[in-house]
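User: Could you walk me through this structure and explain why things in it are called what they are called?
Analyst: Gladly! Let's look at it together.
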Amino acid sequence: MGVTAKWAGSRLLLRRLRDVMAGGGSAQERLDRIVRLIASDMVAEVCSIYVRRAGDVLELFATEGLKAEAVHHTRLRVGEGIVGEIAAYSRATALADAQNHPNFAYRPETGEEIYSSLMGVPILRGGRVLGVLVVQNRTSRTYTDEEVEVMETIAMVIAELIVSGGVVRRKEQTPADGIAIAPLRMEAVKLNAGLAMGRAVLHRPYVPVGRLVAEDETQEQDRLSEALAAMHKSLDDMVDQADSAGSGDHVDILKTYRMIAQDRGWIKRIREAISTGLTAEGAVVRVQDDTRTRMKNVQDNYLRERLLDLEDLAYRLLQHLAGGDAAGTGGALPENAILVARNMGPAELLDYDSSRLRGLVLEEGSATSHVAIVARALDIPVLGRVKGIVDRVEAQDHLIVDANNGVCFVRPGEDFRAAFALSMRTFEEKREAHRRARDLPSVTRDGVAVDLMMNAGLLIDMPHLHESGAAGIGLYRTEVPFMVRNDFPDVEAQIDIYARILDQAEGKEVVFRTLDIGGDKVLPYFEAAEEENPAMGWRAIRIAMDQPGLLRTQLRAMIRAAGARPLTVMFPMVAELSEFEYARRLLMKEVRRCADRGHPTPAMLKVGAMLEVPSLAFQIEALSGRADFLSIGSNDLLQFLFASDRGNPRLDGRYDPLSPPALGFLKHVIEACRRAGIPLSVCGEMAGDPLQAMTLIGLGIRRLSMAPASVGPVRSMVRSLDAATTSSFTESLLEARGHSLRARLAGFARDHGVSL
Ligand code: PEP
Ligand code: MG
């Protein structure tokens, strides 16, 4: 809902409210005056303020029109009754006939049975519901949208009184009162593995905005213009800085962000809010509250990311209005900072000094959210969906992020911290040992070489290539840089991305996988119809065949980026030979086109396919002489083999890759490739887990590509292994039955001193 209030009384009412707020008396007396004022101005028989108290209870704090004895007696749980629902969903509600609403919760002590209509809005501060403001009428009155908007603005002013006016004790404003100082163990979704311990830093802590009601509209409009100009300038500086530092992804992310800061609709809404009588700060907060409410109801990934950016921009703008240097929201971080946020955009994360950032904990967030993608590239452990964390954590609290097991410990005791520090140290020592071993050859005890490659997707991944000692990039997911942008990169922009990757690889091989969009990989700007079954839907090579322009552009950019250097290209989700042939033909056409135009062409060209769809396993012979290599995408392959959604947490771990059917299938593929003379690698998650990697080597795989952090552990495993013994043991298991062979494989590793 936009702020288009033209309601004549709005400005006057705000002024009167301001006078009440500034006037004397206790907080209670001021609330009493406020409800009287609103009731008379809105021509309502009833106006009430419910304040949220500890234990998620809404208590009637002040009323005009309901029985006085109900004040401080009537209580509703959040979610109970219409008022409770407004708080639960932080959504305004206007009902001409409230009495007959299914959620009406009748409280005899209030005497409200005579009032038919009701309009209520949440009292919000910083996205948190502090209470509910309600008006009621005897007649079945239809409240207009403008009236609802005016109430929302008033609620904002009341929020300020609740926060700063001592209406309830400060601590009570957090619903977790009572357990606020106790240690907590909170379940989370793992968005990036790792361990971290440190002190909480609240992202965008609450900043009191001060004056909300304006004296002079023109002056406020001018202040807004100045703050906007200052903000735009500081964003320009940020982009320039990132640009001159040559950090490609940052620049793309920041440019998108800068573009959103110019959003006319957003600026117009702020200007309109000023015209209702608010100060520039008040107007920004008002529009920010709207954004947050919209975000709660938006499922669409693209819109959510954009709303997130707007929310962040509002925060920056407030800092400029306050006259602060708001070049970034990052600010100074303590050593060992664990960032806690409801959600955040990738540009905001990049604002923090990543050398001090140990972990990130998000109340929302999903594996595909942009901030998670960037955090992964920065190697920061991330937990998502930690319900209620923002309300339960105070700045400086001790936090432990166990993103290996999906748990966040809030204010852990000293003993626990000491124990955790010990496991972290062991973990760190191991990492350090791996780092030191990065130049040791990846060869088994009996002299079998196993190529260890790294998976990547962003430029900020690239330093890990040399740190980990990986032999090259075995899977470069080209969709990732597409995912953090706001629009399709054209040929030039793509050439730039791929050339930088090749430059930074310094001659090591890079396997460029063409766009794998669809499924859970959503490109915000790419319109695709809703699908019942997106993982098995219109994705990857299927899109490329239906819209060859996309693939051609991409191939052209790769060829141009490579110049005379070698180029390796891989096509995802190939289900049948003809798809591979088609894509390969396009590639060859593009090579000829480049040559015709006098551009250099790759000195060596390798073309391969991912084996992710089981049907391809039965066409390997036909690929002989056509495909230069195959790479098993075990994530997708196993999801299709077991018909088990890889992204569904309820199915997590239900089927074991180390099971007779999975290993039997892999063995079939390995044998078929051997017969067809096609080199085969594995680049799904299986390759990065030492025990599973050991098994793959036992089955005959000699090239593995994995997340950067896995290269060290897998190298140690390889160097401690006897390939021949492992092979005979693995072969002997192929006839076995049962759900899993994991225990037997782990037993073998233990008995043979394999480092896992
Ligand atoms: C896979 O499916 O195993 C794979 C490596 O591709 P992605 O995870 O990008 O789907
Ligand atoms: Mg895949």
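User: Which of the residues around ligand 1 come nearest?
Analyst: First, keep in mind that this is a predicted model. Of the 14 residues around ligand 1, Arg477, Arg513, Lys521, Asn635 and Arg646 come nearest.

User: What makes the approach of Arg477 to ligand 1 a polar contact?
Analyst: The cut-off for a pair of N or O atoms is 3.5 Å. A polar atom in the side chain of Arg477 lies 2.7 Å from an oxygen atom of ligand 1, so the pair counts as a polar contact.

User: How do you know that Arg513 and Glu612 make polar contacts with ligand 1 too?
Analyst: By the same test. For Arg513, a side-chain N or O atom is 2.8 Å from an oxygen atom of the ligand, and for Glu612 the distance from such an atom to a ligand oxygen is 2.9 Å. Both values fall within 3.5 Å, so both pairs qualify.

User: How much of ligand 1 does the protein cover?
Analyst: Ligand 1 has 280 Å² of accessible area on its own, and the protein covers 99% of that.

User: Which cavity matches the space taken by ligand 1, and what makes that space a cavity?
Analyst: Ligand 1 takes the space of the second largest cavity. A space is called a cavity because a 1.4 Å probe fits there but cannot get out, with the protein atoms alone considered. This one has a volume of about 80 Å³. Among its 14 lining residues, Arg477, Arg513, Glu612, Asn635 and Arg646 lie nearest its centre.

User: Which elements give two or more residues to that lining?
Analyst: Strand 16 and helix 21 do. Helix 21 provides the largest share, three residues.

User: How do the residues of that lining divide by class?
Analyst: There are seven charged, four polar and three nonpolar residues. Arg and Glu count as charged, so Arg477, Arg513, Glu612 and Arg646 belong to the charged class, while Asn635 is polar.

User: How many cavities of 30 Å³ or more does the structure hold?
Analyst: It holds four. The largest has a volume of about 110 Å³.

User: What makes Gly81 a polar residue in the lining of the largest cavity?
Analyst: Gly81 is one of the residues lining that cavity, and Gly is counted among the polar residues, so Gly81 falls in that class. By class, this lining has seven nonpolar, three polar and two charged residues. Helix 3 (residues 81-89) gives the most to it, with three residues.

Key. Residues numbered from 1 in each chain as written. Chains lettered and ligands numbered in written order. Predicted model: local features only at pLDDT ≥ 70, side-chain atom pairs only at ≥ 80, totals over all residues. Heavy atoms only, no water. Near = heavy atom within 4 Å. Polar contact = N/O pair within 3.5 Å; in protein donor to acceptor, adjacent residues only side chain to side chain. Areas by Shrake-Rupley, 256 points an atom, 1.4 Å probe, with all protein chains shown as cover. 1 Å grid on protein atoms, 1.4 Å probe; cavity = no way out; pocket = protein on both sides within 12 Å on 5 of 7 lines; lining within 4 Å. Sits in = over half its atoms within 2 Å of the grid points. Points joined across faces, edges and corners; volume = space filled by probe spheres on them. Helix = DSSP H or I, 4+ residues; strand = E, 2+ residues; numbered from the N terminus.
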